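User: Could you take a close look at one part of this model for me and describe what surrounds it? I am in my first year, so please go step by step.

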Amino acid sequence: PATNIQDLHQFGEFGGVNPSITDSSTYTFLEAESMSETFLGHMEGCFLYSRHWNPSNKYLADAMATMEGTESAWITSSGMAAITCALLQLCNSGDHIITSVTTYGGTYAFLKNYLPKFNIDVSFVNISDLESVKEAIRPNTKVIYTESMTNPLLQISDIPKLKQIAKGQGITLMVDNTFTPMIISPAQLGADIVVYSMTKFINGKNDCVAGAICGSNEFIESLSNVNDGTAMLLGPVLDPLRSSNILKNLHTLHIRMKQHSSNALYLATRLQQDGIKLIYPGISNHPDHKLMNSLMNSEYGYGGILAMDFNTADEAADKMRKLQDVGAGYLAVSLGYFKTLFSNSGKSTSSEIPEDVQKEMGLTPGLVRFSIGLDNDIERTYQMFKTAILK
Ligand code: PLP
């Protein structure tokens, strides 16, 4: 599926090589009857109102579904909107979710602090410990939630085995693939729903926030149902201008992922030889290296994210400042940008996770997550790293 995107032929209304941008919130109908049929969801190809569907988001959704090999997809205005809408669509009051304890901090906060308001119970497990996943199942479990490559510890989820656990029990396996687009194809490995923060690698420009939900026709239709669809009713729609930009960037994703991956592997290999403590799934001493090899579409490499452990938060702060000063990248949250970005996870994107839980899951205070950029001369970047963190 990651390759199928090259067979996607979408044109603008005047034959433009890029689909036209729909600059409208509402759409005219020739007959009143067709408007009411559209409300009932019976008019394929008709657009009603842009919070429901709009043509620009439909082009991008079709491209995302093509990339994932799912029947359908839905575009949202952020990754969090994708995650929250999908979970709220799947769960009712009284239901239960099993999640990896290592997830993006915002996801953790939603599961831990927000869902209890709706009487939805959440069990946090070590997703690599499949027995603990099995043991956490209850009669009311509706979802197993994980990230293909977890943020920021870079554990790899065994999606086929998680699917075996979920199968036949009415449990939906939902996977956040934000760190590994194209590299891992969760739906092909058994995930029922794949969610993305497109803010990251997919768009790759850090100029907007966006998300996507990929899944079955039935699920995407349920999200957009005018009576009880979470996406329709909560309304996190992406602006068409933004979605048309992301669509164009999606067509260069394969090239970018290969370059992010080869740069990250180069730095990880060299810096580990220099004695830096680091986590990168492409290195043979990573606990999930073999698992990753068995799951990945190998042509795209092991991804652009790596983590280094500088022992204390103060030392991490010092190294990050030096790295920024020598020009190796920017001290900033987020990832998937053409420049290298880095931040201390415990103090930033995982700060929502209480310190005792951080400790328990192995998130050390000096852990710095790096999103390695598209640098053309990575040896030069390596020399900058050496200057900043080794000397
Ligand atoms: N999932 C992961 C793995 C992330 O790193 C992020 C980062 O913010 C999100 C989801 C949330 O996405 P967004 O910021 O686009 O809402």
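The part I would like to understand is helix 4, together with the loop that comes before it: which residues of helix 4 are buried, and where is the place of T103?

Analyst: Please keep in mind throughout that this is a predicted model, and that the values below are computed from it. Helix 4 covers residues 105-114, and because 7 of its 10 residues are buried, it is largely enclosed by the rest of the structure. The buried residues are G105, G106, T107, Y108, A109, F110 and L111. These buried residues pack against several elements, namely helix 3 (79-90) and helix 14 (355-361), as well as strand 2 (96-100), strand 3 (121-125) and strand 4 (141-147).

Turning to the loop, T103 lies between strand 2 and helix 4. T103 has a relative accessible area of 0%, and since buried means under 20%, T103 counts as buried. If residues up to four places away in sequence are left aside, T103 touches Y108, Y145, E147, N151 and I353, and of these Y108 is itself one of the buried residues of helix 4. A distance along the chain can also be set beside one in space: T103 and T349 are 246 residues apart in the sequence, while their C-alpha atoms are separated by 9.9 Å.

For contrast, consider E71, which is found in the loop between helix 2 (55-68) and strand 1 (72-76). E71 has 56% relative accessibility and therefore counts as exposed, and together with E44, E218 and E221 it forms a negative surface patch.

Technical notes: Residues numbered from 1 in each chain as written. Predicted model: local features only at pLDDT ≥ 70, side-chain atom pairs only at ≥ 80, totals over all residues. Heavy atoms only, no water. Patch = residues over 30% accessible without salt bridge, like charges linked within 9 Å, V, L, I, M, F, W, Y side chains within 5 Å. Areas by Shrake-Rupley, 256 points an atom, 1.4 Å probe, with all protein chains shown as cover. Salt bridge = Lys/Arg side-chain N within 4 Å of Asp/Glu carboxyl O. Lys, Arg positive; Asp, Glu negative; His and termini not counted. Charge placed at Lys NZ, Arg CZ, Asp CG, Glu CD. Helix = DSSP H or I, 4+ residues; strand = E, 2+ residues; numbered from the N terminus. Buried < 20%, exposed > 50% of the residue type's maximum accessible area, 1.4 Å probe, protein only. Contact = heavy atoms within 4.5 Å.
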